[in-house]
Every structure is written in structure tokens, then in C-alpha cells.
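This report describes selected features of one protein model. Please look over the sequence and the structure before reading on.

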Amino acid sequence: MTVISSGNADPEPVRRRKLSERILVSLREDFLSGQLAIGNKLPTETQLADSFHVSRTVVREAIATLAAEGLVETRQGAGIFVLARQPSSTLTPTMADDRLGNISHALNVLEVRIALEMESAALAATRRSAAQEAQIQERFFEFEHQLEQGKPTGAADFAFHRAIAEATNNAFYVEVLDSLGSRTIPCDVSSPYATEDVLSFDYQTRLQREHLAILTAISTSDAAAARDAMRAHLAASQQRYRRRLHEKRTRYLSGNDV
């Protein structure tokens with residue numbers, strides 16, 4: 001996908017990412033030092049934007065990354081709160097190396113997500129505001145940018161799905177998704193659930209085509225199509241992991257598994 005810009009302008013997604021990373025480093029340091037303890041409420045988006053001299057869009061990107069890592073959650077009407085790390089982010093090396101168990105865990109997460117996000121997408125198609133639709137689209141293009149740069153897409157993937165949950169205008173959809181944290185996207189390069197095939201460029205390109213189908217259905221207010229597109233998207237991920245489990249079993253039976 002080609003983005004046309006003037007020759008003397010900085011690429012905006014790159015600039016936003018660098019600014020977002022600066023916020024992430026600072027907030028993570030605050031978490032580690034105890035300055036921001038579990039249960040503490042973060043400053044508002046506006047306050048953070050003023051403090052770091054950035055736009056609210058940059059702040060939202062940083063918060064989405066922290067939410068994907070299970071470090072914070074946004075409670076609609078209440079603010080952003082610090083959480084304990086999700087169990088998935090404290091895996092021991094032995095657990096992280098247990099690929100079979102991790103894939104079965106990922107399948108369980110996907111099963112929950114299908115039930116939740118099919119309806120989330122349908123509601124977003126009928127309830128979204130113009131600003132919320134724009135945010136979903138922004139998250140879509142952030143995933144595209146990360147993919148083109150060969151960088152991990154997990155945070156952008158989570159942010160895309162979270163923006164859809166926000167567009168339901170029902171805070172419980174966001175809360176449930178946030179509670180899954182980094183377990184929500186099991187195929188990112190930084191995840192212990194990752195496998196070689198799901199990290200390929202071709203696989204992630206297919207993910208993005210599925211994202212486009214969801215985005216298009218929401219933008220055209222087609223609730224049924226949005227529901228179907230979300231189901232197809234998450235079911236395809238399920239099939240990928242089931243195939244991985246089958247391949248592992250086949251290698252074991254043939255004596256080639258180590």
C-alpha cells in the first residue's frame with residue numbers, strides 16, 4: 001500500500017511511533033520504580049499529551065501498547081488504571097518452550113474472542129461515531145505500516161480490535177478485551193504462542209485482508225457482514241493453530257519431533 005506525501009514532510013506514522021515509544025519507556029520506568037503502583041490511575045490523555053508535548057493520538061497508541069502488554073486498562077468514564085502483569089507475560093522459560101501447551105492456550109483465548117468480538121463488530125457497525133470509525137481505520141493502517149517495516153504487529157493488531165470494542169459504546173466489551181491483555185494476540189513475534197508459519201509475511205498479509213473485510217463492513221453499517229467477517233477472521237486463526245498441533249503430533253509419531 002503506497003502512501004504519497006510531500007518530499008519535505010516527515011513520515012507521520014514513523015514520527016508517531018518514535019514519540020509513542022518515548023512515552024512507553026517513561027511509563028514503564030514509573031511502573032518499575034513503583035511511582036505508578038497497581039491500581040493507580042494514570043493522568044488523562046490530555047494531561048499525558050501536554051506532559052510529553054505530543055498529540056492525543058500518540059498517547060492513545062502508547063496506551064494501546066501498554067494495554068496489550070497487560071500493564072494498564074481503560075475503564076470508560078473512569079480513566080486508565082495500572083494493572084498487575086498478566087500471567088502470560090510472566091511465563092518461565094520452561095513454560096515458554098512448551099509450544100504444544102501454549103498453542104492449546106491460544107485456542108482457548110480465540111474461542112472466547114469469537115463469542116465476544118462477533119457481536120462487538122456487529123454493534124460497532126451500527127453504533128460507531130465518525131471519530132470511532134476513523135480510529136478503527138487508523139489502527140488498520142498502523143498494522144499495515146508495522147507489517148511493511150517488518151516489525152511486530154501484535155500491538156497494532158490488538159489496537160485494531162480494541163478500537164472496534166470501543167465503537168460498541170459498551171464499556172464491558174473493552175473491559176473484557178483488556179482483561180485478556182497480551183494473550184489477545186497469540187501470533188505476534190513477541191508472544192510465546194508464536195510459531196514460524198504464523199509469523200510469515202504472507203500469513204500476516206492474509207490477516208490484514210481479513211481486517212479490511214471487517215473495516216469495510218463496519219464502515220458500510222452492515223452488521224451482519226461485520227459479524228461474519230470477524231468470525232471468519234478469528235476462525236482462520238483457530239484453524240492455523242489446530243493445524244500446528246496436528247503437525248506436531250505427526251512429527252512425534254514419525255519419530256522426528258524433538
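## Salt bridges

Arg113 and Glu117 stand 4 residues apart in helix H5, which means that about one helical turn separates them. The model in which this pair is found is a predicted one. Arg113 and Glu117 form a salt bridge, with 2.6 Å between the closest N and O atoms. Both partners are buried: this holds for Arg113 and also for Glu117.

A further salt bridge joins the side chains of Glu119 and Arg227, at 3.3 Å from N to O. Because Glu119 belongs to helix H5 and Arg227 to helix H10 (residues 223-253), this pair ties together parts that lie 108 residues apart in sequence. Glu119 is partly exposed, its relative accessible area being 30%. Arg227 also counts as partly exposed, at 27% relative accessibility.

In another salt bridge, Arg128 pairs with Glu133, and their closest N and O atoms are 2.9 Å apart. How do these two residues differ in exposure? The limit for a buried residue is under 20% relative accessible area. Arg128, with 18%, is therefore buried, whereas Glu133, with 24%, counts as partly exposed. Elsewhere, Glu45, Arg56 and Arg60 are joined into one network by salt bridges that share partners. The count for the model comes to 8 salt bridges. Three of the pairs are listed below.

| Salt bridge | Closest N to O distance |
|---|---|
| Arg113 and Glu117 | 2.6 Å |
| Glu119 and Arg227 | 3.3 Å |
| Arg128 and Glu133 | 2.9 Å |

## Nonpolar cores

In soluble globular proteins, nonpolar side chains tend to be buried together. In this model, the largest nonpolar core has 29 residues, and those with the most contacts inside it are Ile23, Leu27, Phe31, Leu42, Ile63, Leu66 and Val72. Several elements give two or more residues to this core, among them helix H1 (12-33), helix H3 (56-68), strand S2 (79-82) and helix H5 (99-127). The largest share, 7 residues, comes from H3.

Which residues does Ile23 contact, leaving aside its neighbours within four places in sequence? They are Phe52, Val54, Val58, Val59 and Ala62. Apart from the largest core lies another core, of 25 residues, which includes Ala125, Ala217, Ala226 and Leu245.

## The second largest pocket

The volume of the second largest pocket is about 640 Å³. Its lining is made up of 29 residues, and Glu45, Arg60, Thr74, Arg162 and Glu166 are those nearest its centre. Two of these, Glu45 and Arg60, also belong to the salt-bridge network with Arg56. Two or more lining residues come from each of H2, H3, strand S1 (72-75), S2, helix H6 (130-148) and H7. H6 provides the largest share of the lining, 6 residues. Sorted by class, the lining has 11 nonpolar, 9 polar and 9 charged residues.

## Two residues with positive phi

Most residues other than glycine have a negative phi. Asn169 has a positive phi of about 60 degrees, although it is not a glycine. Asn169 is placed in the loop between H7 and H8, and its relative accessible area of 41% makes it partly exposed. Ser221, likewise not a glycine, has a positive phi of about 60 degrees. The loop between helix H9 (201-219) and H10 holds Ser221, which is partly exposed at 40% relative accessible area.

Technical notes: Residues are numbered from 1 along each chain as its sequence is written. This is a predicted model: local features need pLDDT of at least 70, side-chain atom pairs count only at pLDDT 80 or more; totals for chains, interfaces and linings use all residues. Side-chain values use heavy atoms; hydrogens and water are left out. A nonpolar core is a set of buried Ala, Val, Leu, Ile, Met, Phe, Trp, Tyr and Cys residues joined through side-chain atoms within 4.5 Å. Buried means under 20% relative accessible area, exposed over 50%, partly exposed in between (1.4 Å probe, protein chains only). Contact means heavy atoms within 4.5 Å. On a 1 Å grid over the protein atoms alone, a cavity is a set of points where a 1.4 Å probe fits but cannot get out, and a pocket is an open set with protein on both sides within 12 Å along at least five of seven lines; lining residues have an atom within 4 Å of a point. Grid points are joined across faces, edges and corners, and a volume is the space filled by probe spheres set on the points. Ala, Val, Leu, Ile, Met, Phe, Trp, Tyr, Cys and Pro count as nonpolar, Asp, Glu, Lys and Arg as charged, and the others, Gly among them, as polar. A salt bridge is a side-chain nitrogen of Lys or Arg within 4 Å of a carboxyl oxygen of Asp or Glu.
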